[in-house]
Amino acid sequence: MIIAERRPIPKVLKAIEPYERVLVLGCRGCVAVCSAGGDREVETMAAALRLARKLSGRPLKTGEATFIRQCDPEYLAPLKDMAREYEAVVSMACGVGVNLIADLFPEIRVYPGVDTTFYGANPALGEWQEKCRGCGDCILDVTGGLCPIARCAKNLLNGPCGGSQGGRCEIRPEVPCVWHQIYERLSARGELDRLMNFFPAKDWRPAGHGGPRERVREDLKMG
Amino acid sequence: MEPRSHLHRVLSEGHFAVTAEIGPPKSADGEVVRRKARILKGYVDAANITDCQTAIVRMSSIASAVLVMAEGVESVIQMTCRDRNRIGMQADLLGAAALGIRNLLCITGDHQKFGNHPEAKGVFDLDSIQLLAMVRGMRDEGKFLCGEELTGARPEFFLGAAANPFADPFEFRVKRLEKKIRAGAEFIQTQIVYNVERFRKFMEMARDLGLTEKAYILAGITPPKSFGMARYMKYFVPGLDVPDEILKRLKEAKDKREEGINIAVEIIQQVREIPGVAGVHIMAIEWEEAVPEIVKRAGLHPRPLEAEVRSPIAVEVEKPVERVEVLAPPSEKVPEEVPPKLEIPVEAVKEVFSTVRSSMEALREGINLLHDSLARLERALLGGEVVPEEVPEVPRLEVKVEEKPVAEEKPPVEEKPPIEEARPPAEEAKPEVKEEKPEPEAKKEEKVEARVEEKPEEKPEEVKPEEKPAPAPPAEGVELGGFSGEYRPLSERAAGLPEDLYKEPGTAFIREVEIGKGEKAFKVGGTNVLPFHLFEGEMRHEPRIAMEVLDVKPEGWPESLTRYFADVLDDPAAWAKKCVETYGAEAVCIYLMGTDPNYLNLDAKHAREVVEKVAEAVDVPLIVWGAGHAEKDVEVLREVAEVLGDRGAVIGPVEEANHRTIGATAMGYGLPVVASSPIDVNLAKQLNILLENVGVALDKILMDPSIGALGYGLEYTYSVMERIRLAALYAQDDKLQVPFICNVGREVWKTKEVGLPSDDLLGDQEVRGILMEAITSVALALAGGDLFIMRHPKAIELTRTIIRGLMQQN
């Protein structure tokens with residue numbers, strides 16, 4: 001899922017400084033699951049903004065709503081009317097939601113309420129870890145299912161660097177060296193020879209270095 | 001095949017090759033590179049130029065290589081994958097080849113996190129193996145990475161790669177080496193070898209795979225410059241294996257640098273015996289001067305093909321170079337005089353002294369200010385009379401007079417000139433003090449009157465601080481009244497500004513730890529602001545100083561220190577008594593050095609007796625510091641704790657390895673502990689957590705961050721302490737809300753500089769030692785140090801004076 005984190009309140013306050021009526025809009029997709037932008041977080045954010053503005057002597061009126069998703073136009077449709085009562089919208093969805101609102105409703109001033117951080121898993125309560133970087137050209141088939149693009153600080157494709165010590169990454173010793181893990185995984189399976197294959201320079205275009213990425217499936221298109 | 005480079009030729013003809021590393025400067029000063037090249041000339045087959053090593057911005061390796069070649073030394077450039085994508089790399093490599101560079105070492109590069117721009121976007125478009133393959137493709141197939149044809153001259157590099165036999169997973173290391181060789185590596189430089197056994201194993205595996213037939217393997221060699229450096233490499237450089245034995249040798253060596261060179265030479269001799277090792281790569285980090293010595297002693301000088309080096313390179317680069325040379329003609333001579341004789345790099349010494357000098361100036365300024373305030377105070381209170389309370393001063397000066405004849409090597413006549421020469425710079429420094437100037441001078445005159453007899457008196461230009469403490473106590477009595485008149489509170493100076501603009505007190509307090517029991521007990525910690533920020537918060541307790549005594553007669557202490565304790569050095573109890581009664585120590589630290597298994601290995605009974613005697617002799621709080629040997633300390637401190645039980649004392653050091661046992665002992669007797677960690681925020685925190693887990697409360701812990709003396713890593717310690725304190729006060733990191741203890745004396749008095757004789761450059765030996773110790777302590781007090789362990793009585797007085805001055809600003 002997409003992991004996000006609540007944006008520092010002072011930054012949000014700064015963005016909405018000129019306004020007196022603001023809609024805080026949550027999303028029940030990924031950001032709700034990772035406790036960054038669901039119903040509860042919307043409530044917290046709205047309360048925090050009101051409190052801060054009250055203290056500064058310029059009270060703020062907030063509206064609160066949470067959509068099923070903000071990355072589909074049909075779920076966003078009600079926003080058009082809803083937003084009329086407000087001068088601005090703080091979207092608690094990931095950056096995708098903010099962008100789609102901006103795309104669909106040029107008249108709405110939309111500001112981010114979270115910082116979108118990575119694609120991650122939730123291995124334990126209150127803990128999220130990056131597992132994929134969406135590079136568009138999966139190599140997990142040769143690395144035992146563990147991704148060195150997302151999980152190696154140097155994106156190495158040909159085995160552990162000289163800083164791998166005791167199975168730990170030199171950059172942050174609390175993080176395991178993913179290449180060490182790959183080595184152990186393949187070693188246990190008797191597939192170490194895979195690591196001896198030269199992994200040629202990667203084509204980074206599918207990773208987004210070729211401009212914004214698109215996916216089209218003609219057969220699913222309507223009309 | 002025609003060799004691609006001189007280095008290639010040396011290797012292919014079967015000579016044992018020698019390369020050395022050159023780290024370019026963090027400036028545009030090409031002379032630095034050229035000087036380093038001149039030092040290496042004739043001693044290496046090629047100089048290897050780093051590419052922003054440890055991710056710190058430096059002059060580019062390609063540009064530096066051109067300067068190196070201009071000095072007639074062949075270069076190997078390093079190229080990392082961190083800073084350029086495949087376009088930039090290929091472009092730079094074409095350029096490098098066009099400039100006549102013939103050797104290329106392909107590495108992935110240290111992650112930017114370790115450098116001075118951790119915010120940078122790391123590129124890592126390729127990894128080192130892909131880089132090798134790419135360059136080989138350009139050279140052998142005439143193709144760019146994209147497959148497009150490279151028409152015209154191809155980059156004819158002799159290709160190298162790095163290998164680390166000491167990283168994990170060990171079995172895979174040699175496989176990865178094979179991968180690199182398959183991708184195009186023709187020579188290999190290994191990580192620094194200290195653990196020769198492991199390296200031998202690695203080479204054996206490489207031979208089994210036939211790799212030594214396919215590539216030339218050069219073993220990485222680094223002479224450790226100091227014990228601190230070796231320790232740093234052991235604990236902080238991932239993938240570097242420094243056996244304890246090396247640490248031990250350095251720790252015990254009198255001349256660390258000499259020992260460092262010995263170690264390097266021995267390792268070269270050992271690796272040379274290993275089949276398949278084709279040469280060595282010497283990385284004398286910021287110590288290029290050591291290379292010629294090492295090469296000579298290892299029997300690798302003269303180099304076999306020395307003469308042939310120049311022609312291929314000089315032809316291409318000579319012209320631009322000649323011009324450069326004209327610009328800087330005098331520089332030619334300097335290095336020629338330098339490398340053969342000196343064992344100490346002049347630059348480094350200069351640097352140390354310029355740092356010392358500027359610190360001295362800063363101190364002097366501070367002292368002048370104090371002088372100033374005192375003079376005004378005196379005038380106000382006593383109508384211009386000098387406070388006559390300088391009794392301890394006279395005997396001390398007498399001691400000096402007695403000493404002089406003892407110092408046989410130098411007749412007293414000789415001893416004076418350096419003193420006098422040491423003065424002018426001091427006086428030159430004065431103009432900087434501008435406004436304060438008249439008053440200190442007046443003060444000086446008064447003093448001279450007060451003590452007519454002695455000339456050496458004048459020397460105290462620096463030593464004068466020592467005289468200050470005498471006036472200081474009276475000042476203390478009237479402290480607040482006296483100083484508040486002079487010190488304008490910040491609130492007053494900032495009148496009109498809202499307070500929250502300039503005040504930012506911490507959100508928490510550092511724990512208060514009680515040192516000792518009874519009347520003489522004191523507390524440290526209890527602050528919620530950065531050190532001495534008294535305007536925005538509270539420092540409930542001032543930093544304190546404990547004097548150190550040893551359980552056995554110290555060896556190798558300079559006479560400038562021992563003379564103060566000459567009569568008591570072999571009796572810890574008398575020594576402690578002297579510290580308290582003569583020098584006013586507020587606490588005593590007993591360093592049980594003799595129990596160290598690597599030293600005298602005295603038993604726990606000995607420790608117990610010493611501690612018992614000292615405990616009887618003095619009533620001030622005690623700190624008992626074990627030998628720093630995790631296992632032995634458990635036994636020794638357990639025994640000692642029994643004696644100390646009721647009296648109370650701090651015991652330590654506790655490390656991760658023995659935190660359970662010593663932690664339990666301390667808890668049993670209710671004693672605070674010293675938690676020692678190796679200069680690292682996270683490790684310090686972790687140890688506190690571990691201790692808490694076994695039941696030691698945070699207010700029974702003093703953190704010892706492992707400090708470095710002035711010129712020996714002081715800045716590093718400072719920044720770690722500062723970060724710990726910031727986390728504690730401003731980031732609610734409650735596990736770090738613990739006072740610091742800094743074992744300063746030991747670090748300072750083992751440095752080379754405190755033992756070198758007085759001379760023009762370094763000034764008076766004793767003054768130098770005092771200042772080094774005091775500057776170290778004061779700097780660490782500014783970083784948050786709460787309790788200091790020191791040795792020299794005068795350094796202690798000076799430190800105390802400054803601390804009191806800082807504490808009075810309220």
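Here is a short exchange about the interface and the nonpolar cores of this predicted model.

Residues are numbered from 1 along each chain as written, with chains lettered from A in the order written. Local features need pLDDT of at least 70 and side-chain atom pairs 80 or more, while totals for chains, interfaces and linings use all residues; side-chain values use heavy atoms, without hydrogens and water.

Colleague: How much area do chain A and chain B bury between them?
Modeller: Happy to say! Buried area is the accessible area (1.4 Å probe) that two parts lose on being put together, summed over both. Of this, 55% lies on carbon and sulfur atoms, and the total is about 2500 Å².

Colleague: Which residues of chain A lose the most area to chain B?
Modeller: Together they account for 25% of what that side buries. They are A:Lys154, A:Asn158 and A:Met196.

Colleague: How many residue pairs are in polar contact across the interface of chain A and chain B?
Modeller: A polar contact is a pair of N or O atoms within 3.5 Å, one able to donate a hydrogen and the other to accept it; residues adjacent in sequence count only if both atoms are side-chain atoms. With both residues at pLDDT 80 or more, the rule finds 21.

Colleague: Which helix gives the largest share of the largest nonpolar core?
Modeller: A nonpolar core joins buried (under 20% relative accessible area, 1.4 Å probe, protein chains only) Ala, Val, Leu, Ile, Met, Phe, Trp, Tyr and Cys residues through side-chain atoms within 4.5 Å. The largest one has 114 residues, with B:Phe565 and B:Trp575 among those with the most contacts inside it. Its largest share, 11 residues, comes from chain B, residues 765-783, helix α32.

How values were computed:
Buried < 20%, exposed > 50% of the residue type's maximum accessible area, 1.4 Å probe, protein only. Helix = DSSP H or I, 4+ residues; strand = E, 2+ residues; numbered from the N terminus.
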